[in-house]
Amino acid sequence: MSQTVTITSAQHFTQVLNSSRIVVTDFYADWCGPCKAVAPVYEQLSSQLSRPGSITFTKVNTDMQKDIAQSYNITAMPTFLIFKAGRETKRIRGADPKALDAAVKQLAQEAATADEGGNAVESSASSGATWLGAAAPRNYPDITEQVDQLGLDFLNLDGEKGDKKTPFQTNRPSALADKKTVAGGPRNDWIESDTDEQLMLFIPFMCTLKLHSVHITSLPSGDSDSDDETPMRPKTLKFYTNRSHNLGFDEADDMPATQEIEIKPSDWDPKTGTAKVEL
């Protein structure tokens, strides 16, 4: 039985990109002779290398899913795209079995290092892979590395939890890991307010950027037996852009936010605990 996923809509494709660390996609057409010629090779690779949550092979019929094909500028069939964490990392145009075989089998080495649950390939210096709770928008790369971490300044930060650099860590959150596999117990890889329900984050960048969206991962423990008050997920985000200094709470209250966004309960991905906030 084929393990290749046939994409039925743009929403379906987004769901697949969000649910698998690596996605290989074959853009084809029923009338395309080269597509039919290379199809057995693609199916064999899919059969050998598909791993739930780690590597997923998909097919997109360009005549049936024209919006998807147009979105990814597909102008020739077949075209094979490889995605990592929702971002396109490689494109192979034409029926080139050798190039397809080499590119996909290279991914098998990364898949072999996936965790037991198969949720994600852990970040490493050699592969450059990072954990993302949601797929990056097309043509918008992850800009975590562009944050000037030396210039970060957070107000109301609880010093007993994570520090200012914690929100920009690229490894998988400990709350998503099997407790049995977390050496030394869960690490403080989250931040909280130590005063009230507010946190003020001053985040400078090393260059001028255009932000498309912000990913916020929040995984409340849900431990009702704890003596401490259970932390709440962020609900209201206020953005003040292009400031040369860190606003205080009083100053922020006296001026309108550049943008104010409410995060709804339905915005949180139940699998990754991440809300993708588009600006």
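**Exercise 1. Work out whether alanine 10 is buried, partly exposed or exposed, and find its surroundings.**

Step 1. Start with the accessible area: in this predicted model, alanine 10 has a relative value of 43%. Buried would need under 20% and exposed over 50%, so alanine 10 is partly exposed.

Step 2. Now place the residue. Alanine 10 sits in helix H1, which covers residues 10–19.

Step 3. Look for partners beyond four places in sequence: alanine 10 touches Gln65 and Ile68.

Step 4. Try a C-alpha distance too. Valine 60 is 50 residues away from alanine 10 in sequence, yet the two C-alpha atoms are 10.0 Å apart.

**Exercise 2. Lay out the five-stranded open sheet and trace how S4 fits into it.**

Step 1. Get the order down: S1-S3-S2-S4-S5, with mixed pairing. The edges are strand S1 (5–6) and strand S5 (87–93), each of which pairs on one side only.

Step 2. Take S4 (residues 79–84) and check its link to S5: the two run antiparallel, joined by six bridges. Threonine 79, for instance, has arginine 93 in S5 as its bridge partner.

Step 3. Turn to the pairing of S4 with S2, which is also antiparallel and has six bridges. Here valine 24 is matched with isoleucine 82 in S4.

Step 4. Follow the chain through the hairpin of S4 and S5. Two residues lie between the strands, and alanine 85 takes a positive phi near 55°.

Step 5. Add the helix. H2 (residues 33–49) lies across S2 (22–28), S3 (55–61) and S4, and it runs at about 155° to S3. As for burial, five of the six residues of S4 are buried.

**Exercise 3. Find out what glutamate 192 has around it, given that it is buried yet has no salt bridge.**

Step 1. Locate it: glutamate 192 is in the loop between strand S6 (153–155) and strand S7 (200–202).

Step 2. Check the nearest side chain of opposite charge. That's lysine 161, 4.2 Å away. A salt bridge calls for a nitrogen-to-oxygen distance within 4 Å, so this pair doesn't make the cut.

Step 3. See what lysine 161 does instead: its side chain meets that of aspartate 158 in a salt bridge (3.5 Å, N to O). Aspartate 158 counts as buried at 13% relative accessibility, while lysine 161, at 24%, is partly exposed.

Step 4. Look for a polar partner. The side chain of glutamate 192 makes a polar contact with the side chain of tryptophan 190, at 2.9 Å.

Step 5. Fill in the rest of the neighbourhood. Setting aside residues within four places in sequence, glutamate 192 contacts Asn156, Leu157, Asp158, Lys161, Leu199 and Pro231.

**Exercise 4. Look over the salt bridges of the structure and the exposure of their members.**

Step 1. Get the total: there are four.

Step 2. Go to S5 for one of them. Glutamate 88 and arginine 91 join through their side chains at 3.0 Å, N to O. Both are partly exposed: glutamate 88 has a relative accessible area of 31%, and arginine 91 has 30%.

Step 3. Move on to lysine 264 and aspartate 267, whose closest N and O atoms are 3.7 Å apart. Lysine 264 is partly exposed at 46%, as is aspartate 267 at 29%.

Step 4. Zoom out to the whole chain. Of its 279 residues, 38% are buried, and its secondary structure comes to five helices and 11 strands.

How values were computed: Residues are numbered from 1 along each chain as its sequence is written. This is a predicted model: local features need pLDDT of at least 70, side-chain atom pairs count only at pLDDT 80 or more; totals for chains, interfaces and linings use all residues. Side-chain values use heavy atoms; hydrogens and water are left out. Helices (H or I, at least four residues) and strands (E, at least two) are DSSP runs, numbered from the N terminus. Buried means under 20% relative accessible area, exposed over 50%, partly exposed in between (1.4 Å probe, protein chains only). Contact means heavy atoms within 4.5 Å. Two strands pair if DSSP finds at least two bridges between them. Axes are lines fitted to C-alpha atoms, for helices over the stretch in contact, and angles run from 0 to 180 degrees between N-to-C directions. Lys and Arg count as positive and Asp and Glu as negative; His and the chain ends are not counted. A polar contact is a pair of N or O atoms within 3.5 Å; within protein, one must be able to donate a hydrogen and the other to accept it, and residues adjacent in sequence count only if both atoms are side-chain atoms.
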